[in-house]
Each structure stands twice: as C-alpha cells, then as structure tokens.
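Grab a pencil and open the viewer. Here are some exercises on reading a protein model, each with a solution you can follow step by step.

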Amino acid sequence: MNDAARDDSLRLAQPADAHSQAEWEAATAAVLRKSGRLTADDADSLVWDKLTRTSLDGLRIAPLGLPDTSFADAARPTRAGAWDIRSLVSGLSGVDAKAANEAALVDLDGGVSSLWVAADETTDLAVLLDKVLLDLAPIVLDAPLGAVKVAQNLLALIAERGAGLHAATNLGADPMGALLRDLPLAPDEAFAELVDLARLAQGIGVRAIVVDATAAHDLGASDVQELGWSVAVGVAYLRALTEAGFSPAVAANLIEFRFAATDEQFPTIAKLRAARQLWTRVLELSGAEGVEMRIHAVSSRPMLSKYDPYVNMLRGTVAAFAAGVGGADAVTVLPFDSANGVPDGFGRRIARNVSHLLIDESHVAAVADPAGGSFAVEQLTADMAAAGWEAFIELEEEWTGANAVGGHDFSPFRDRIAAVSAEREKAIARRRRPITGLTEFPNLAETLPERPVDPLNERVVRYGASFEALRDIPATTKVFLATIGTVAQHTARATFATNLLAAGGIGVEVAGATADADDLAGKYRATGAPPVVCLAGSDKTYAEWGAAAIAALREAGATHVIIAGKPDAVDAEVDDAASMGVDALAFLTATREKLA
C-alpha cells in the first residue's frame, strides 16, 4: 500500500466535512468580529494571535494544532489500564497516628492501591501501618528530615511481622527537595544517606529515591521550572549513585518522580509527557536505555483554596484526568478540604473516588497516551520539553559554579521561582487568572470546615494567598452600594462591585432602586452613613444624575466615593474607580484602609 492510499484509509471525515485552514480562520474571524475582538478591516489570519495565550514560561498555547510538524514517537506514555490510586497519609509529629491508621485502612478498603506516608523520626509506623498488608500495598515514604531512621523503622516493622515489602515500595529519599524547601539538612551527610538508602533498597528489592518536583511547584514554580528541576535533580542522584558503584541502569531503577497536576488540563498533560521524553534522553546519554520512568502525579496543593473549598473537587478532578491522560503511573488526588487542615473522612472518600470514576466509569485509563496524535498537545509537549531541557542546563551550570554550597546553589533558582510567582500573583490580583470562590463569586456568609492544623500545608505558596489574608479578617464596616436608577439599570455594575468587594472581605449595604439624588441620600443616611460609598449604575444614569448623587452623598457624610466603571463616566470628582482589569488587590486594600 502506498503512502497516499494509507493516508486515505485513515481519514475519518467525509469529503464534504473536510475544510481548509483558511475556511476555519474565516469562520472564527466572523465570530470574533461579532464580539468586537476583530474589526472588519482585520485579516482573518489574526485569529491565531487573538486566541493564542502565553504561559508563565512564555510558551505560546495556540487554539488548535496544525499538522505541519513531525513529532518524535519515542518516550510516549505506555501505561494502558488503571493507574495506581495512591492516598496521602500523614504521621508527622502532632498528628494522631491511630486516626491516620484508621484513615489509611478505610482508603485501602475503598480501592486505594498504595500509600504515600509523610513521616518523621517520631512517627510510630507500627501504629500508623497496623493491619496494612505491606506485601500487597506499596508504601512510599516521605521523610525529608529523617529518611534513614524512618526507613530503618519500616524495615524493623516488617522484620517483626515476618513479612516482605511490595516491589513498588519506595524509601523516599530526596535530600535536594528538602534543601530547596530550606529544611535544616547538611548536604554532604544527606547525599551519604542517599547512597546508604539506595544500597538498603537494592538489598530488599524496592526503590529508594523520589525526585519530588512538587518541592519546586509548592514554592510557586512554573511547569518548565518544575521540569528543569526534576531532570537536574534526577541527574544529580544518578551521578551520586554511579560514583558509589551502582550501574546507571540499576541506579535509574531505584528512582521515581513526583510531579504536580493542576487544573490547567493541557499544560499538565504536556508536562508529564515532556518529562518522560527528557528523562529518556538523560538515560540514553547515561547508558541506561530501556529503563522505564515511573511517574507519580499529585493534585497541586497551591491551587487549592480554603475558601469555597468544595470547588476544589472540580480542580482535583481535572488534575486527575490530566495526570491519567498524561501517563502517570500513580495518581494522588488531595482531598478538597486539604487547604483547611487535616482532611476528614468525607474529603478522603471523594478524593479516592475521583480516580475510580475516571478509570471505571469514564474509561480514561483504557488507552495508552490518549492525547497522542493531537497536534496541539504534541506541539505543547515539544515546546515544553525544549524549554525544560534549557532550564535543566541552566541549573547544571549553576550547580557546577565556584560559589555553589555543598555542590548546589539554589539561590538563583529560588529567585526565578519568586519572579514567576510574582507574575502569577499579579495576574490573580487583576483577576486575569480567576479563582472561583476566592477572587470570583466569593461568599462572605460561608462557614469554612474546621480541621486540625496540617503540617503539610507549611512552606506552600498558595495561589491567591493575599486574597485569603483579606478574607481571614473581614472588614467590620460595610460599603454603601449607591445603586442609581432602576434594578435593570444598575444590576450589572452592582453585581460586579459586590463580587469585587467581597473578594476582599468587604460587605455591602445596597440602596436598591432609587429615583433621584435625594432618594439615594436618604437611603444612605438610613444605613448609618458609612464612610465609603460605591456608585453602581449605567453610563446613561451616570450622565443624567451621577454628579448630583455624588454631591448629595458627600453632603450626607461620605468621605470616599468609588465609581463602578471608568472614572470619567460621571461629571464629578471621584476618589477611586473599579472596572474590569483593575488591580483588585490594591483596590481592595485601599478600600479597607478607608473603612478602618
């Protein structure tokens, strides 16, 4: 069969349904012209610029992919079938080990297949893992400050039971992740412990190391920075183990990777696919071809909001879907109430059931690499892999510099993470990256779930933390929402202003329908005449009697007048204005100061 015949046999569309790129551009341009995003004089081809967005890494994410690039077939996800459903169990100091054990047993009975155990030297593993069949359920330890001791405690436990460990168990050493989190760890001693744990793991047939890229993600790193960190750390561990006498293949088999999965679906899919390509290339250069990369994906902790936490169920579901499609071997969905403290049983049940629904009802895991062949995903994967490799090289050069402490200087990398985090927070402040329930559609009357303090939330830069800080201490005085005209005339801007102010923990007293300036001023006095007022109406009513309304409100006691809309919409002086694109964080902070 020639190539032309083969191509024809794979075509799914009928000839009448086949359209050119120019036809798509013309149809799309027509829609954008109706919305005002393109003018009649603009070329149809401008739709690409209008619909393409740029990631925090500067990568262009186009609305569609085009079949004008040949993508490599190597290092694609190969997992076909259910992924390992892994739940997080904390046995850190201050957490009730018995309660944690009960949660773990319920998770295992509910279909969880492995446990990710956060521990330290004080953790009583005998209690925490009581009745857990360690030869059937893999255990992945996470003990940044006591890796050797905790591993020894685990081995003592299995010796006491006279049982073995599942081959997918991992002793969880990750000294560089601990150092990036600025934990008190001596680099030389930590790398010596890494080698000791590797030898220990090799002797009992389990893994020893987790390259935990969430150490960077939790500080605010971008997808590319997370990729660069993971490859650089993986290479550092390979070097340490091969220098200690391990072969590259044996060393690589001892390593597992952990990445964050966010509610940005396609970037998450592309990140996991790119990670596999990058690590495959490292192993080729190291002489360890054929070793499969094992990826554990965990839903992002920074993306979780403690306000309106039930929205986190949706975020976790999208993250888990993207992780599964991206080829993750194990997936952890953090319970929706994780940002509020130690999750309860309901949160844990919902978290594990997300994977069950995706695997058993949606059949997301039935196909290996379901995103493969999508030109948009392939292009994003290729772009992310190229940028991730550059980020890896940059770290390599920094870590071999003369000023490196203990062989690794993290300061420049932390600075780059801080810059990306600041850029993200700027976009959140202007509500270009909306967070439902926090910066959009906040509910000041909600009652947050009460949970015990969770040490795992420490050292996490949560998205929108500045807005959470405002909500934590609500304003004691409300803003008078000076609605001008009929309900139909003021509803749009009144709703906008109410939601904006609520995002900063500020309530409103609404005037309702008003006939004129005197009517508005009378309703203002009836509420106690708070110092801050916000005009909300249509441009037409602003022009008709907005100036008179402002004069009447100032005469009645208003000291700070805000207008919902552009400041020049009314023929009078205002103190502030709020419209789409405003720096919401700065606006809310200033408004609260005037209310104090």
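The exercises below start with the whole chain and then move to single residues and pairs.

This is a predicted model, in which local features need pLDDT of at least 70, side-chain atom pairs count only at pLDDT 80 or more, and totals for chains, interfaces and linings use all residues. Residues are numbered from 1 along each chain as its sequence is written, and side-chain values use heavy atoms, with hydrogens and water left out.

**Exercise 1. Describe the chain as a whole: how many helices and strands does it have, and how compact is it?**

Step 1: Start with the secondary structure. The chain has 21 helices and 15 strands; these are DSSP runs numbered from the N terminus, with helices (H or I) of at least four residues and strands (E) of at least two.

Step 2: Check the compactness. The radius of gyration, taken over C-alpha atoms, goes with a globule rule of 2.2 Å times the number of residues to the power 0.38. For 596 residues the rule gives 25 Å and the chain has 28 Å, which is close, so the chain is as compact as a globular protein of that length.

Step 3: Add the box. Along the principal axes, the C-alpha atoms fill roughly 85 × 70 × 55 Å.

Step 4: Look at burial. Buried means under 20% relative accessible area, exposed means over 50%, and partly exposed is in between (1.4 Å probe, protein chains only). Buried residues make up 51% of the 596 residues.

**Exercise 2. Find out which parts of the chain the salt bridge between Arg-348 and Asp-107 ties together.**

Step 1: Get the idea. Side chains of opposite charge can pair when their charged atoms come close. A salt bridge here is a side-chain nitrogen of Lys or Arg within 4 Å of a carboxyl oxygen of Asp or Glu.

Step 2: Check the distance. Arg-348 and Asp-107 meet at 2.5 Å, N to O.

Step 3: Place both partners. Arg-348 sits in helix H14 (residues 345-361) and Asp-107 in helix H4 (residues 97-109), so the pair ties together parts that are 241 residues apart in sequence.

Step 4: Look at burial. Arg-348 counts as buried because its relative accessibility is 13%, and Asp-107 is buried too, at 2%.

**Exercise 3. Now look at other salt bridges: what do Asp-337 and Arg-451 link?**

Step 1: Check the contact. The closest N and O atoms of Asp-337 and Arg-451 are 2.7 Å apart.

Step 2: Place the ends. Asp-337 is in the loop between strand S10 (330-332) and H14, while Arg-451 is in the loop between helix H16 (411-429) and helix H17 (465-472); the pair links distant parts of the chain, 114 residues apart.

Step 3: Ask about burial. Asp-337 has 0% relative accessibility, so this residue counts as buried.

Step 4: Widen the search. Arg-462 and Glu-468 form a salt bridge at 2.7 Å, N to O, and both residues are buried. Arg-76, Arg-273, Asp-369 and Glu-378 are linked in a network of salt bridges. The whole structure holds 31 salt bridges.

**Exercise 4. Is Asp-182 buried or exposed, and what about the phi of this residue?**

Step 1: Locate Asp-182. This residue lies in the loop between helix H7 (175-180) and H8.

Step 2: Classify it. Asp-182 has a relative accessible area of 59%, so it is exposed.

Step 3: Read the backbone angle. Asp-182 has a positive phi of about 65° although it is not a glycine.

Step 4: Try another one. Ala-529 is not a glycine either, and its phi is positive at about 55°. Ala-529 lies in the loop between helix H19 (517-526) and strand S13 (532-536), and counts as partly exposed because its relative accessibility is 26%.

**Exercise 5. Work out how far Ala-419 is from Gly-220, both along the chain and in space.**

Step 1: Place Ala-419. You'll find this residue in helix H16.

Step 2: Classify it. Ala-419 is partly exposed, since its relative accessible area is 49%.

Step 3: Compare the two distances. Ala-419 and Gly-220 are 199 residues apart along the chain, and their C-alpha atoms are separated by 9.1 Å.

Step 4: Repeat with another pair. Pro-452 and Ser-55 are 397 residues apart in sequence and 36 Å apart in space, C-alpha to C-alpha. Pro-452 is in the loop between H16 and H17.
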